[in-house]
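Below is a short report on one helix contact and one pocket. Start with the structure itself.

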Amino acid sequence: MNFSDFGFWWVLLLFSIPYFSVRYVAKSLNLWKGSFDAVGLAAMSLLLFVNASRSSFAIFICEIIFNYLMVWWMLRQQGWKAKAIATTVVVIDIAILAYFKYLNFFVEDVLGVLVPGLAANWQGKSIPGMGSIPPGLSFYTFQMVAFVVDSYTSRKKRTIGALDYINFVSFFPQVVAGPIERRADFFPQIESFRFKFTFENFETGLRWLSLGLFMKFVLADNISPYIKLDQPDNPWLVWFFAFLFTLQIYFDFGGYSFIAVGLAKFVGVNLTINFLAPYTSQSINEFWRRWHVTLSTWFRDYVFLPLMGKNKTWAPFYLFLTFTLSGFWHGAAWNFVFWGAYHGLLLLIIRYAGRPFYKFIGQQRLLMPQFISWALTFGSVILGCLFFMETNTPRLFAKLQTILNPWSYSLSNLGEAMSFFSGNEAIALGFTLVLATTVLLMEHIGVWQKRECEYDLLLSPWVSRALLALTVLLAANTPSPFIYFEF
Amino acid sequence: MQLKDSNSKPSSSNAVDTIQEWLVNQIAKQLGINAQTIKVTEPLTRYGLDSIDSVTIVGELEDWLDAELPPTLLWDYPTIEKASQYLVNEAGVTPAETTNQTTEVTTKPQEAPKEKAWGGLWNKISGS
């Protein structure tokens, strides 16, 4: 759901007031059945989805019906029949995703390269669903695919209720942009769902919500206007804008995920924490265990491990392939493919060349090995973000050329970069960066102290109240769209 | 999961220690680092363990324990301490060596030597 859209909060409020009033009265008269809670949750989720995107909702409803019936059938079959049904569902789900997300790219950027004039001819055609990707399609497709596979591999082939399935795939805090929840973690919470409005849930939910709102509306949205893509000639600016984007994307998507966690907590549901302080990582391996956890584990479980199987000979290639596919999932454009391949390549470099370097660094006593590892990792992530943010491929190559040319790091370019923003702009951006650095520092301390949760300090009562107050005071006037909605 | 020789079930802490020792040695061998420097409480990614190593080591652990284990074990329990505790206390796996107390431990997991100078300062700051 688009948490930065007032429409979301209004619909939530306009549904909640009459629904929970009726529930309260009916409960006091002993007329309320527990199962009405599950009906209410489904109604709330579907209503919010319709409000968010009618086109995506239409596809979503068709997919829910198709997936539920097929899983229902699959659970009654054995052996190859069950496998054939599972395979069919997965193929059709992925085909729907591919149609909306990748057909344009495939025709224009792949076939178009081989067949002259095809791209221009294709652009003139009006094909249904080719305008933009229906919001949330990627996320609910992945969740549905995971459910089919997990149901197929589960030992207990229990029947699944239709209402429970609807609530599993449409749960309003996370349906559009994740976390991508798995059957084992999430389905037991959804089965026989009941609203659990306790003080503890409210308090915990509010803390996550405060952190998420602060990250999104104060940090990400106040950084966003300062990122300029049309500066390919000055390496200092190229690095600086990539750095800003690195911060923005984390605070944007981390913020979204934490708002989702907070909202779910209000009604008594625990969602997976999708980010674990990724910018505290001291290696790219560690980074991928902390960044967008539910997507990384999805690719691990449904792409990497099945590809590799028992034979480890080709494992490095499959690792590279998995990351490239993960990049391609982010968007049907070459820059996302490069971004995925870049991260896959980094992991292989660390595997084959990084270990001797790590051993060398680890033996140093004066160089603070942890700090060097962190700085190299963060620098690599910033460079990766350059691939991620720049969808214009020729300009991406121009920027890479600029940052690789040692002569472009001149003092005159540095002077130009230093005076790029006006006085007021520099102060506003500087203040936002101080706040961002403070948040990251508190995450670092949480990790160093090996706390139960990386965000413990930021979720402490007074800090979370301060974050909420700061959100009211400092939220950007014009919220920028959530970056991950494009995916 | 298989429990070996249930008549002489060892204490769970002994089993946890044995698995920790095995993991320390195996990870040191896999990554080509000194076993003495591996701390059981440190996330394994800090030593450069990647996805391929994780799956490989779990495969070898399965052979050693003669038990079926989830390939994602070292993702779900990312330190040696957590993985060992999960195996013994939750999965109910016990290494055969602990039942007859004949294990020759070649390398006992030890605290990494405290770093001096700035490295030591860094450790103090990080609380490790």
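## A helix pair and a pocket

In H15(A), Leu383(A), Leu386(A) and Phe387(A) touch Leu396(A), Lys399(A), Leu400(A) and Ile403(A) of H16(A). By class, this contact of H15(A) with H16(A) counts six nonpolar residues, no polar ones and one charged. The model is predicted.

Two packed helices are described by the angle between their axes and the distance between the axes. Here H15 of chain A covers residues 369-389 and H16 of chain A covers residues 393-404. Their axes come within 9 Å and cross at roughly 155°. Because angles over 145 degrees count as roughly antiparallel, H15(A) is roughly antiparallel to H16(A). The crossing of H15(A) and H16(A) is right-handed.

Now the pocket. The second largest pocket has a volume of about 350 Å³. Its lining holds 16 residues, and those closest to the centre are Phe3(A), Phe6(A), Trp9(A), Leu213(A) and Phe217(A).

Which helices of chain A each supply at least two residues of this lining? They are H1 (6-28), H9 (199-223) and H19 (461-474). H9(A) gives the most to the lining, with four residues.

The table sets out the class make-up of the contact and of the lining.

| Site | Nonpolar | Polar | Charged |
|---|---|---|---|
| Contact of H15(A) with H16(A) | six residues | no residues | one residue |
| Lining of the second largest pocket | twelve residues | three residues | one residue |

Definitions and conventions: Residues numbered from 1 in each chain as written. Chains lettered and ligands numbered in written order. Predicted model: local features only at pLDDT ≥ 70, side-chain atom pairs only at ≥ 80, totals over all residues. Heavy atoms only, no water. 1 Å grid on protein atoms, 1.4 Å probe; cavity = no way out; pocket = protein on both sides within 12 Å on 5 of 7 lines; lining within 4 Å. Points joined across faces, edges and corners; volume = space filled by probe spheres on them. Nonpolar A, V, L, I, M, F, W, Y, C, P; charged D, E, K, R; others polar. Axes fitted to C-alpha atoms, helices over the stretch in contact; angles between N-to-C directions. Parallel < 35°, antiparallel > 145°, perpendicular 65-115°, else oblique. Left-handed = near helix turned anticlockwise from the far one by under 90°. Contact = heavy atoms within 4.5 Å.
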